[in-house]
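Welcome! Have a look at the chain below, then work through the exercises at your own pace.

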Amino acid sequence: MMTSNKTLAGLLLLSTALAGTPGWAQTPPVEPKGPVVFEDEEEDQVEIVGPGAGGISADEIVVIGRNIPNIIRATPSVLSVLSEADIARTGEGDIAGALKRVTGLSLVGGRYVYVRGLGERYSLALLNGLPLPSPEPLKRVVPLDLFPTSVIASSTVQKSFSPNYPGEFGGGVINLSTKSIPDERFVNIGGSVGGNTATTAQLGYTHFGSRTDWTGFDDGTRSVPAALRGANNTGKRLEVGQDFDLATVQAATASLVNSPTNLIQRNDNIPANMSLEFSAGNSWDVGENRLGVIVAFEWDNAWQTRGGTQQVAGGISIAPDGTQGLTPDQDYRLLSTDNNIQVAALIGGAYEFGEHKVRLTNFFVRDSLKESRIQAGLDTVNVGEEDPINRSYTSWFQRQLFTSQVVGEFKFDQLSLNLRGTWANSQRNSPYERVNSYRFEPAFNDFFNDLTTNGARSTIAFSTLNDDIWAGNVDFGYKLNTRRPVTLSAGYSILDNIRDAERRDYRYVTADGTALPPAVSQQRPDFLLSDFNVYTYGVVLREVSGVDGAARYESGLRVHAGYGQVDAEIADGVLLTAGVRIEAGKQFVETQDIFNANAVEGRTDINETYVLPGGTLTWNFRDNMQLRVAGSKTIARPQFRELAPQPYTDIDTDRTAIGNPFLIDSTLLNGEGRYEWYFGPDERLMIGGFFKRIQNPIEVVAFESGGTFRTTFANAPRARLYGAELEVVKFFDASGLRWTWFEERRLLVNPNYTYTSSRISVGADDTTIDLSGQQIPASSFFADGIPLTGQSKHLFNLQLSLQSQAKLSEQTFLVNYASGRTTQRGPAGTPDYREIPGWQLDFVLREEVRLGNVPVELKFEARNLLNTLYQEIQVLNDSRIDVNVYPLGRFFSFGMTLKF
């Protein structure tokens with residue numbers, strides 16, 4: 001570490017010394033610090049608001065880099081940019097879908113963006129350069145499907161670390177910039193309607209819930225009833241016994257809303273998807289200054305039915321001939337319908353005065369998921385090989401994010417000052433998570449649930465999560481008065497993140513512990529748990545919170561960081577950007593006993609200070625070519641949900657995960673290089689390579705507990721990752737074709753490809769710590785040479801777009817391919833779980849027509865035209881386990897936006 005820091009210090013001194021020597025004084029500038037607005041020849045302005053301050057402006061390049069676009073010249077880091085026009089061309093409704101077109105990025109579960117094959121825990125999402133809390137307890141990064149494209153001005157993906165960014169920089173940082181001051185007044189009103197061949201007008205399941213579910217807001221039906229809330233407030237476990245008599249427990253049980261949250265109904269005609277959106281903005285001249293306001297609102301109601309197979313293999317079986325294979329210990333057929341309602345709103349304002357700008361951004365999004373699911377099949381581990389079971393699940397997951405930001409950018413001659421502050425709150429509320437499991441009884445020739453027998457039970461759970469972030473940054477940049485451009489910059493930031501999470505679990509039992517009579521046990525779920533049975537047969541709740549993990553935890557992370565950086569031309573056409581970040585973090589997770597005055601059950605503390613150098617060397621050796629070389633050290637902290645031993649159900653995989661309080665930080669050494677050739681206006685060829693060495697990477701692993709397979713997390717000893725990227729953007733003139741329709745049109749051909757290879761290294765003496773605190777051989781979880789979870793070896797995207805240069809008229813084919821990737825380590829020595837994303841083909845048409853004097857944008861989308869399945873599998877020799885396999889269906893949508 002000392003050698004590395006001395007080397008970096010030497011480079012800083014060398015660059016400063018060279019800055020005063022004679023030579024060419026106009027050179028490629030450095031990465032934008034703060035808001036930078038770029039304008040190329042063909043596209044509208046691209047506004048980027050990122051961390052930092054200062055920098056050498058793009059207009060200083062007049063000689064060598066004259067054919068390199070301003071947006072590229074101003075970013076010496078390895079960076080990809082999606083402008084508002086780029087995002088619109090993809091036709092995606094949220095930013096997650098648009099980002100999967102970027103080189104080296106893949107989209108998992110429709111929500112989470114993986115950078116260069118690294119899992120979502122190695123990605124960081126910022127909004128206007130400021131942090132966001134995630135409302136999803138099982139994920140590190142904010143689910144990017146929460147951000148509608150209508151409120152985003154640009155999206156940048158920085159893949160090489162620079163010290164003005166947070167030190168938790170694994171695969172890359174995704175920075176979203178919201179719209180600020182519009183060029184002119186606008187009002188847009190739009191909507192869309194769409195369907196899915198696997199869902200719309202097809203068989204699915206629903207439950208009533210509340211009357212206002214379609215808005216994304218429950219009307220109070222699912223609120224914790226007063227009788228149950230009162231019992232919880234006593235700090236005693238709810239069950240018939242010393243603390244609560246039968247009458248009190250019956251009253252608490254009967255207070256629950258039953259049929260609306262419990263009864264699944266068959267629906268032979270699942271509705272279509274619908275969305276509405278509104279956005280408006282205006283700007284005013286105030287003397288020589290300018291004031292702008294933008295508001296946006298979006299409502300989206302979407303349905304998806306999954307009908308397929310879910311299997312679990314508990315171990316490796318041996319055939320009579322000695323061949324190893326896999327057989328399912330749990331084998332279900334699944335039909336599940338999700339109703340996803342999203343409401344988003346943005347209110348933003350900005351004021352420009354002189355060289356200064358102040359912006360205020362308030363963003364709110366609420367994402368509600370209403371699930372109705374039935375599983376039917378065999379559970380040979382917990383029930384038996386001959387008695388099928390039938391399980392029904394109903395749930396209502398509410399995710400909500402609100403952030404308020406103030407950003408001030410000030411420029412005083414050679415001095416730049418940026419001030420940023422934010423408060424952000426995310427919440428996740430999951431009331432009335434119900435499970436009813438019925439077991440088949442040959443004597444009845446029917447399914448039954450007596451609340452006692454294995455495979456026959458009913459449960460209900462309530463969970464809440466609240467996450468607050470307070471963060472502030474101050475950044476300075478100063479341009480030296482030297483013949484060669486030199487900018488010195490420095491900054492300080494603080495982040496304070498606090499999270500509280502609680503989960504209350506209950507099981508329905510009989511007060512005297514006996515099984516229900518056969519006639520009662522065969523009733524449907526809402527009759528079985530009715531008030532009549534509560535008071536006639538003693539069906540009551542028994543709280544089991546904390547039995548399978550902590551019922552409540554508090555956690556926090558406070559980070560103080562400072563950095564210094566120099567951007568300097570050290571020779572003709574050679575720019576060095578280098579610096580160092582010192583980051584001190586204090587992280588804790590404290591589990592509490594809710595039945596003992598919230599006494600502390602366990603506590604994890606991670607207090608570390610890191611010195612994180614980073615630098616990029618850019619050589620602009622021809623007027624349209626340049627090379628970049630970058631190196632850095634970064635970190636990846638375990639997240640709260642990875643440390644907290646509290647069970648949560650992952651709604652994407654239907655698996656229960658629990659944290660490991662003995663995880664430690666991961667450190668990464670990063671290196672990469674890229675060659676860039678800009679052979680025409682808006683045209684380019686980019687070839688790059690990258691390498692990462694990760695110490696103590698955190699991986700998802702599986703374990704068995706009481707016949708149930710769950711997931712947790714563990715530190716692998718070490719891993720390395722390397723790869724290469726290729727991107728081509730080329731336009732062809734189509735006006736020479738004979739058809740009149742091709743006049744004034746051009747064809748965009750934009751393929752990109754990423755190859756990534758990763759390997760976990762495990763030695764004979766390497767150990768790891770499991771969630772019980774035991775030090776065990778690392779080989780218990782990891783095999784030497786296996787890839788990192790979430791890493792696809794091959795990623796390929798192709799965009800073919802025919803564009804009119806006279807008006808809005810685009811027809812775009814989008815091809816996407818991701819090779820298989822590990823989702824988690826297999827349980828009991830079985831092979832890893834593998835997701836097979838495969839090929840996807842989409843088509844997007846955008847056309848502008850006029851309705852009287854009003855411009856109208858029409859949009860048609862056709863997604864997943866190849867009807868690719870979702871497949872998560874295990875394979876061993878000739879055997880295969882379908883962990884999660886179901887058709888996604890083909891999606892079609894038509895939208896219209898009126899522009900006033």
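**Exercise 1.** Find the partner with which R333 forms a salt bridge, and say how exposed each of the two residues is.

*Solution.* Step one: R333 forms a salt bridge with D331, and their closest N and O atoms are 2.8 Å apart. The term salt bridge stands for a side-chain nitrogen of Lys or Arg within 4 Å of a carboxyl oxygen of Asp or Glu. Step two: R333 has a relative accessible area of 46%, so it is partly exposed. D331 is partly exposed because its relative accessibility is 22%. The classes are buried for under 20% relative accessible area, exposed for over 50%, and partly exposed in between (1.4 Å probe, protein chains only).

Before you go on, some notes on the source: this is a predicted model, in which local features need pLDDT of at least 70 and side-chain atom pairs count only at pLDDT 80 or more, while totals for chains, interfaces and linings use all residues. Residues are numbered from 1 along each chain as its sequence is written, and side-chain values use heavy atoms, with hydrogens and water left out.

**Exercise 2.** Examine R524 and D526, then E371 and R306: is each residue buried or partly exposed?

*Solution.* Step one: R524 and D526 form a salt bridge, with 2.7 Å between the closest N and O atoms. R524 is partly exposed because its relative accessible area is 39%, whereas D526, at 3%, is buried. Step two: E371 and R306 also meet in a salt bridge through their side chains (3.4 Å, N to O). This pair links distant parts of the chain, 65 residues apart, with E371 in strand β18 (residues 356-379) and R306 in strand β14 (residues 289-312). Strands (E, at least two residues) and helices (H or I, at least four) are DSSP runs, numbered from the N terminus. Both E371 and R306 are buried. Step three: a search of the whole structure gives 49 salt bridges.

**Exercise 3.** Work out which residues of helix α5 are buried and what covers them.

*Solution.* Step one: in α5 (residues 226-233), the buried residues are L228, A231 and N232. Seen down the axis of α5, they fall within an arc of 100° and therefore line one face of the helix. The arc is taken from the directions from the helix axis to the C-beta atoms. Step two: A226 and N233, on the other side of α5, are exposed. Step three: the cover over the buried residues includes α6 (246-254), β22 (457-479), β23 (486-510) and β24 (539-543). Just after α5, G235 has a positive phi of about 75°.

**Exercise 4.** Which members of the largest nonpolar core touch the most other members?

*Solution.* Step one: recall that a nonpolar core is a set of buried Ala, Val, Leu, Ile, Met, Phe, Trp, Tyr and Cys residues joined through side-chain atoms within 4.5 Å. Step two: among the 22 residues of the largest one, L238, L256, I460, Y508 and L541 touch the most other members. At least two residues of this core come from each of α5, α6, β20 (415-441), β22, β23 and β24. Step three: another core, of 18 residues, lies apart from it and has A636, A714, L721 and F781 among its members.

Definitions and conventions:
Contact = heavy atoms within 4.5 Å.
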